[in-house]
Amino acid sequence: MDAILYAEVYLICIIVAGLLLFWTVHRDSMSTSELWLKHMLTCFLLNFISNFLFTLFNRVFVIESLVTVLSYGFKTAYFVTLVLGVYFWCGYAEVELKQGALGNKKTRMLMRLPLVLGLMIPAVNLYNHWMFDFSPTHAYQRHIMFRVEMWYLLLLSSINSIRLLRHTRGESDPSQRSHLRLTASFPLFILAALILSYAGEAVPVICVAIMVELLCLYMGTIQHQISVDKLTQVNNRQNLIGFMNYKLKNHEGTLYLLMIDLDYFKSINDTYGHLEGDRALVQLSKVLKNACGPYLPRPYIARYGGDEFIIIMEGGEKDVETLCGTIRDMLTELNRGPNPYDIQVSIGVAKWQEDMDHKALIAAADAELYKIKRARTK
């Protein structure tokens, strides 16, 4: 491919990646997954810029006295940002897998180990040239460690991809399942780029493949965030109604709806302020996620409004009782912490009957919830 056309392809990718990064940075609020997406977009934008500048100064505007230094500098930056981009995709995938924060400090440290190993290859190449070098005519030449690096990145991303795909088997929400599958497709683009790269450097397949994946991830993330409550990062009410209409027609086991109300929420707001009230809601949502995590199919969680959450669960009556007990046990453990107040909940449970639509099922659980609340005040 002509050097000018090659540079033009990279310039288009730079513009698209720059726009995606701009739109991501300027969102009103940013979830944890969007932060990882921002870092990923930044790395791949720099990756495209590095190869674009390499093409310009190695094949178009050649400065003889600087061409070797610039070529090694831009190509090394290209591989460094490629490794960083894959690392941030792995972080993004891990957040989507955990549906929240990345995890404890040990998890983050373990994630950085493959990053260090991946960065060593382009760094050491500056001394041994086992990954790439340049001929006397400044032609770019790949060597064995290039293949090793690319297969290593493919293996690293594939491990996370397989974990995502395994997670989708227990995911009851079809929109979340589709989002996870889309995220898991990332290694396929690396594999396609790697296979096509055997055709030679003249075909810029890696940047095009990555750009397509970034577009898919961005659109998938935005679509996913539309259906998520921004404060608690569980499904919002709009998504809940759509899911219930789907689930009432597509379920195998007995269907239960749990209406969960945060007790004394007004008192927390009045005494400690609305920011502390928001924090209580976030803590409760994390408890619900952790409590529902072990079940397959995974219960669906949504914020119904205010301090009320809904869980939709397939299973038996014993499963529901166990889940309610787990939620209360986790809250008891949480209340031993530094909070100046206790987080307590009331739970109303309703079992779906053949003649019920989503409104009737919610109303039945709501009625059970307020029976519990009235009994407590007597």
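Hi everyone. One definition before we start: contact here means heavy atoms within 4.5 Å. Please also keep in mind that what you see is a predicted model.

Let's begin at helix α1, which covers residues 3-25. Those 23 residues reach 32 Å from the first C-alpha to the last, close to the 33 Å expected at 1.5 Å a residue.

Which residues of α1 are buried? Near the beginning of the list we have Ala3, Tyr6, Ala7, Val9 and Tyr10. The list carries on with Cys13, Ile14, Ala17, Leu20, Leu21 and Thr24. And what covers them? The cover includes α2 (32-60), α3 (67-98) and α8 (205-226).

Now for a surface feature. Leu11, Ile15, Leu19, Phe22 and Trp23 make a nonpolar surface patch of about 480 Å². Leu11, one of these, is found in helix α1. Is Leu11 buried or exposed? In between, in fact: Leu11 counts as partly exposed because its relative accessibility is 37%, and partly exposed is the range between 20% and 50%.

On to charges. How many salt bridges does the structure hold? There are nine. I'll take you through a few.

My opening example is Asp261 with Lys373, where the closest N and O atoms are 2.8 Å apart. Asp261 sits in strand β3 (residues 255-262) and Lys373 in helix α13 (residues 358-377), so this pair ties together parts that are 112 residues apart in sequence. Both Asp261 and Lys373 are buried.

Next, have a look at helix α10, residues 265-272. Asp270 and Lys266 both lie there, four residues apart, which is about one turn of the helix. They form a salt bridge, and again the closest N and O atoms are 2.8 Å apart. Where Asp261 and Lys373 are buried, Asp270 counts as exposed because its relative accessibility is 53%. Lys266 is exposed too, with a relative accessible area of 60%.

Then there is Glu333, whose side chain meets that of Arg336 in a salt bridge at 2.7 Å, N to O. Arg336 has 62% relative accessibility, so this residue counts as exposed.

One last point takes us back to Asp261 and Lys373. Together with Asp263, they are joined into one network by salt bridges that share partners.

That's my tour, from helix α1 to the salt bridges. Thanks for listening, everyone!

How values were computed
Residues are numbered from 1 along each chain as its sequence is written. This is a predicted model: local features need pLDDT of at least 70, side-chain atom pairs count only at pLDDT 80 or more; totals for chains, interfaces and linings use all residues. Side-chain values use heavy atoms; hydrogens and water are left out. Helices (H or I, at least four residues) and strands (E, at least two) are DSSP runs, numbered from the N terminus. The expected span of a helix is 1.5 Å times one less than its number of residues. Buried means under 20% relative accessible area, exposed over 50%, partly exposed in between (1.4 Å probe, protein chains only). Patches are made of residues with over 30% relative accessible area and no salt bridge: like charges are joined within 9 Å, nonpolar side chains (Val, Leu, Ile, Met, Phe, Trp, Tyr) within 5 Å. Accessible areas come from the Shrake-Rupley method with a 1.4 Å probe; for residues, only the protein chains shown count as cover. A salt bridge is a side-chain nitrogen of Lys or Arg within 4 Å of a carboxyl oxygen of Asp or Glu.
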